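Work through the following exercises with the sequence and the model side by side. Each task is followed by a solution that proceeds step by step.

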Amino acid sequence: MSAHGVFFIAIARVEDGVIVARWVHSKDTAEKNSYVTTVSNLTTNKSFATRAVPNKRFCLLSSGFSVNFIADDERFAFVVLTEKNYPERVVFKLIAELQTEFDAFRDEAGRCAENKLSKKMYDIFDDLGSRYDDPTKIDKVAKAQRSVDKASAQLEKNIENLEELHISTNELSRNAGDLLDESHTLKETSAEYHQRMKCRKYKITAAIAGAVVALIAVIVIPIAVKFAARRRQLRFLRG
């Protein structure tokens with residue numbers, strides 16, 4: 001689908017549905033044929049001649065674009081295909097200019113064959129299609145609306161970012177809570193470890209003290225016994 005705002009412009013006779021002049025913005029053949037088929041199906045429909053009430057505006061949504069048209073008192077239909085969100089007031093402003101420019105071709109258009117006036121009206125179509133392609137360059141309201149749309153889109157993006165930040169913050173809080181729990185567990189585990197090490201130190205100290213006492217006993221007791229026996233011997237010798 002074309003990236004333009006104005007896709008296709010055509011003028012058709014209401015009575016027989018013949019498109020006497022047409023213009024397409026895109027150079028793509030398939031896209032051009034799609035537009036021609038859409039408008040041709042519209043103007044050749046059996047009910048078109050009765051429904052195309054003079055000076056009544058019509059806006060129909062089709063697949064991928066909007067079909068806008070109006071018929072005049074001389075039974076010519078002016079059709080413009082635009083993007084779906086193209087402002088209605090702007091497209092009918094384009095059609096009003098087209099109707100004025102068409103005055104010089106009305107006589108020939110009433111009797112000519114299909115597509116006969118496309119080349120003769122090409123410059124008119126191309127000028128209108130190019131100038132009205134961006135509605136904000138024509139209509140201040142459309143320009144303001146585009147600014148509002150951009151601001152709304154940015155606001156939605158900011159809200160999405162805030163929601164993502166909220167999620168990230170919650171996750172960070174959970175992680176911090178988990179880390180705090182782990183630190184408490186580590187603190188408790190560390191305290192238990194220090195308590196065990198303290199008890200172990202006491203046990204080792206007591207064991208060392210016991211060993212020292214036992215060693216002293218092993219050394220001192222034999223010496224004391226030997227010393228006592230020697231004293232008894234001396235007493236015995238002295239009589």
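**Exercise 1.** Does Ile204 count as buried, partly exposed or exposed, and what is its relative accessibility?

*Solution.* The model is a predicted one, and the values below are computed from it. Begin by locating the residue: Ile204 lies in helix H6, which covers residues 140–238. Next, take its relative accessibility, which is 44%. Since buried means under 20% and exposed means over 50%, with partly exposed in between, Ile204 counts as partly exposed. Finally, look at its surroundings: Ile204 belongs to a nonpolar patch on the surface, together with Ile208, Val212, Leu215, Ile216, Val218, Ile219, Val220 and Ile223, and the accessible area of this patch is about 820 Å² in total.

**Exercise 2.** Describe the order of helices and strands along the protein chain.

*Solution.* Start with the inventory, which is six helices and five strands. Then follow the sequence, where these elements appear in the pattern β-β-α-α-β-β-β-α-α-α-α. To see how the chain is linked across the sequence, consider contacts between residues at least 6 apart, of which 57% join residues at least 24 apart.

**Exercise 3.** Identify the residues with the most contacts inside the largest nonpolar core, and the elements that supply it.

*Solution.* The largest nonpolar core has 27 residues, and Ile11, Leu98, Phe102, Leu117 and Met121 have the most contacts inside it. At least two residues of this core come from each of strand E1 (6–13), strand E2 (19–24), strand E5 (76–82), helix H3 (88–102) and helix H5 (122–131), and H3 gives the most, with seven residues. As a closer look at one member, set aside the neighbours of Leu98 within four places in sequence; Leu98 is then in contact with Ile9, Ile11, Phe78, Met121, Ile124, Phe125 and Leu128. A second core, separate from this one, has 21 residues, including Val36, Ala52, Phe58 and Phe69.

**Exercise 4.** Which of the terms buried and partly exposed applies to Cys59, and which to Cys112?

*Solution.* Take each cysteine in turn. Cys59 has a relative accessible area of 35%, so this residue is partly exposed. Cys112, with a relative accessible area of 9%, is buried. As for bonds between cysteines, the structure holds zero disulfides.

**Exercise 5.** What percentage of the residues of the protein chain count as buried, and how much area does the chain expose?

*Solution.* The protein chain has 239 residues, and 29% of them count as buried. The chain exposes about 16,300 Å², of which carbon and sulfur atoms supply 56%.

Key:
Residues are numbered from 1 along each chain as its sequence is written. This is a predicted model: local features need pLDDT of at least 70, side-chain atom pairs count only at pLDDT 80 or more; totals for chains, interfaces and linings use all residues. Side-chain values use heavy atoms; hydrogens and water are left out. A nonpolar core is a set of buried Ala, Val, Leu, Ile, Met, Phe, Trp, Tyr and Cys residues joined through side-chain atoms within 4.5 Å. Buried means under 20% relative accessible area, exposed over 50%, partly exposed in between (1.4 Å probe, protein chains only). Helices (H or I, at least four residues) and strands (E, at least two) are DSSP runs, numbered from the N terminus. Contact means heavy atoms within 4.5 Å. A disulfide is a pair of cysteine sulfur atoms within 2.5 Å. Patches are made of residues with over 30% relative accessible area and no salt bridge: like charges are joined within 9 Å, nonpolar side chains (Val, Leu, Ile, Met, Phe, Trp, Tyr) within 5 Å. Accessible areas come from the Shrake-Rupley method with a 1.4 Å probe; for residues, only the protein chains shown count as cover. A salt bridge is a side-chain nitrogen of Lys or Arg within 4 Å of a carboxyl oxygen of Asp or Glu.
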